[in-house]
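These exercises treat one protein model and ask for its sheets, packing and ring contacts to be worked out in stages. Please attempt each task before reading the solution.

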Amino acid sequence: MKVTEHEIPYGTGSLAVRDYGGQGPAVVLVHAPGFCAVAWDRVAEALGGQVRAVSLDLPGHGASTAPMRQAADAWESILTVTEALALTRPLLVSLGQGSHAALVATMVRPDGFAGVVTLGGACVRTEENTEDEISFYTSPEFAELLEQRFFFGVRGQTRREACQLIDHIVVRLAKDWRVIGFRGLRDELMYSIRPHPEGGWVNLPLPETILTMISFDPGDRFYPAENLYRRVSVPVLIVQLADGLDREHARRERDLAIENDLVTVRSLDAGEYPHYTRHHEVAAIILETCGVTARPAVAS
């Protein structure tokens, strides 16, 4: 698979985009906080060139040099990439809290997108549940967890040190049920290790980048709770993950689909990260949503 890389000016830096080419409807792949554009490579390959697919590094992630200054940078970066690449009404495909950025992008520019596919029902929470989660995710304890468990923001000086860090992370994640079967973890981790302005390297994103992306005050017009789904003006497909962390909200997701004809729910026998472990199935869902008849998949 040939990948073309773009750097698109944004804020005080640039956004990194992986362009997978292809013919047909446009698709923009949006990662969750803590991930990067490379996370979508296997899905993009499984799409088989039947759509024009791109993925982006959100601000403060991967190869993007633009920082995440405020939560709005998440959806504004999607709008910027869509416009810069002249993508015509792309379908947004998103994972986890990346789904919030995708949903808001369609609200800011309702005529600019064909719809949204969310892997997992992010934002399907009551406002009270959301407030509790945001309180935890923006706490000093969670910031410490991001550094100690995922090594976000960790710095070093030499390539050897970077490789040792990656080896350590890979060993720790080897038995993680969410990534079992995924063979590209090492390449993805290396992609997110970037030069630090003061010398050496840093493992991105920084904990504060993630905290900024998920920080909202009650009353914010884009507060990441279930009422957001009641305001959508484009078709939204929520892909329920059988073993995902959002499975406890499955009933609420179905209720939303009953209330709003634009919201549809379907299930996928997968864990929290289906773009790793069920990439062919995810690609098939994307192609079906785009109205493209999928060619037989080749195992990889």
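**Exercise 1. A parallel strand pair and its helices**

Identify the bridge partner of valine 116 in β10, and state in which sense β6 and β10 pair.

*Solution.*

Step 1. Valine 116 has valine 236 of β10 as its bridge partner. The model is predicted: local features need pLDDT of at least 70, side-chain atom pairs count only at pLDDT 80 or more, and totals for chains, interfaces and linings use all residues. Numbering starts from 1 along each chain as its sequence is written, and side-chain values rest on heavy atoms, with hydrogens and water left out.

Step 2. β6 (residues 115-119) and β10 (residues 236-241) are joined by four bridges in the parallel sense. Strands (E, at least two residues) and helices (H or I, at least four) are DSSP runs numbered from the N terminus, and two strands pair if DSSP finds at least two bridges between them.

Step 3. Helix α11 (residues 279-289) packs on the sheet and touches β3, β5, β6, β10 and β11; contact here means heavy atoms within 4.5 Å. The direction of α11 makes about 155 degrees with that of β11, where axes are lines fitted to C-alpha atoms, for helices over the stretch in contact, and angles run from 0 to 180 degrees between N-to-C directions. Helix α9 (residues 250-259) lies across β10 and β11, at about 145 degrees to β11.

**Exercise 2. The eight-stranded sheet**

Determine the strand order of this open sheet and which strands stand at its edges.

*Solution.*

Step 1. The order is β1-β2-β4-β3-β5-β6-β10-β11, with mixed pairing.

Step 2. β1 (4-10) and β11 (263-268) each have a single partner strand, so one side of each lacks a neighbour in the sheet.

Step 3. On average, and with direction ignored, neighbouring strands are turned by 25 degrees against each other.

**Exercise 3. The surroundings of β3**

Why is β3 described as largely enclosed by the rest of the structure, and what are its bridge partners in β4 and β5?

*Solution.*

Step 1. Five of the five residues of β3 are buried, so the strand is largely enclosed. Buried means under 20% relative accessible area, exposed over 50%, and partly exposed in between (1.4 Å probe, protein chains only).

Step 2. Both faces are covered: Ala26, Val28 and Val30 lie on one side, Val27 and Leu29 on the other.

Step 3. β3 pairs in the parallel sense with β4 (residues 52-56) over five bridges, where alanine 26 is matched with arginine 52. The chain passes from β3 through helix α1 (residues 41-46) to β4 in a right-handed β-α-β crossover, that is, the path from the first strand over the helix to the second runs clockwise with the strands pointing away from the viewer.

Step 4. β3 also pairs in the parallel sense with β5, over four bridges; there valine 28 has leucine 92 as its partner.

Step 5. β3 is among the elements that cover the buried residues of helix α3, together with α2, β5, β6, α8 and β10. Ten of the eleven residues of α3 (residues 98-108) are buried, so this helix too is largely enclosed.

**Exercise 4. Rings around tryptophan 75**

Classify the ring pairs of tryptophan 75 with phenylalanine 216 and with phenylalanine 222.

*Solution.*

Step 1. The structure holds nine aromatic pairs. Rings of Phe, Tyr and Trp (its six-membered ring) pair if their centres lie within 6.5 Å; planes under 30 degrees apart count as stacked, over 60 as edge-to-face and the rest as tilted.

Step 2. Tryptophan 75 and phenylalanine 216 lie 6.4 Å apart, centre to centre, with 20 degrees between the planes, and are stacked. The pair links helix α2 (residues 72-84) to the loop between α8 (207-213) and β10, 141 residues apart. Relative accessibility is 7% for tryptophan 75 and 9% for phenylalanine 216, and each residue counts as buried.

Step 3. With phenylalanine 222, the centres are 5.4 Å apart and the planes at 75 degrees, so this pair is edge-to-face. Phenylalanine 222 lies in the loop between α8 and β10, so the pair ties together parts 147 residues apart in sequence.

**Exercise 5. The three-stranded sheet**

Which strands are the edge strands of the sheet with antiparallel pairing, and which helix packs on it?

*Solution.*

Step 1. The order is β7-β9-β8, and the edge strands are β7 (155-156) and β8 (193-195).

Step 2. Two bridges join β7 to β9 (residues 201-203), with glycine 156 matched to tryptophan 201.

Step 3. Helix α6 touches β7, β8 and β9, its direction making about 15 degrees with that of β9. Cysteine 163 is placed in α6 (residues 159-173) and, at 30% relative accessibility, counts as partly exposed.
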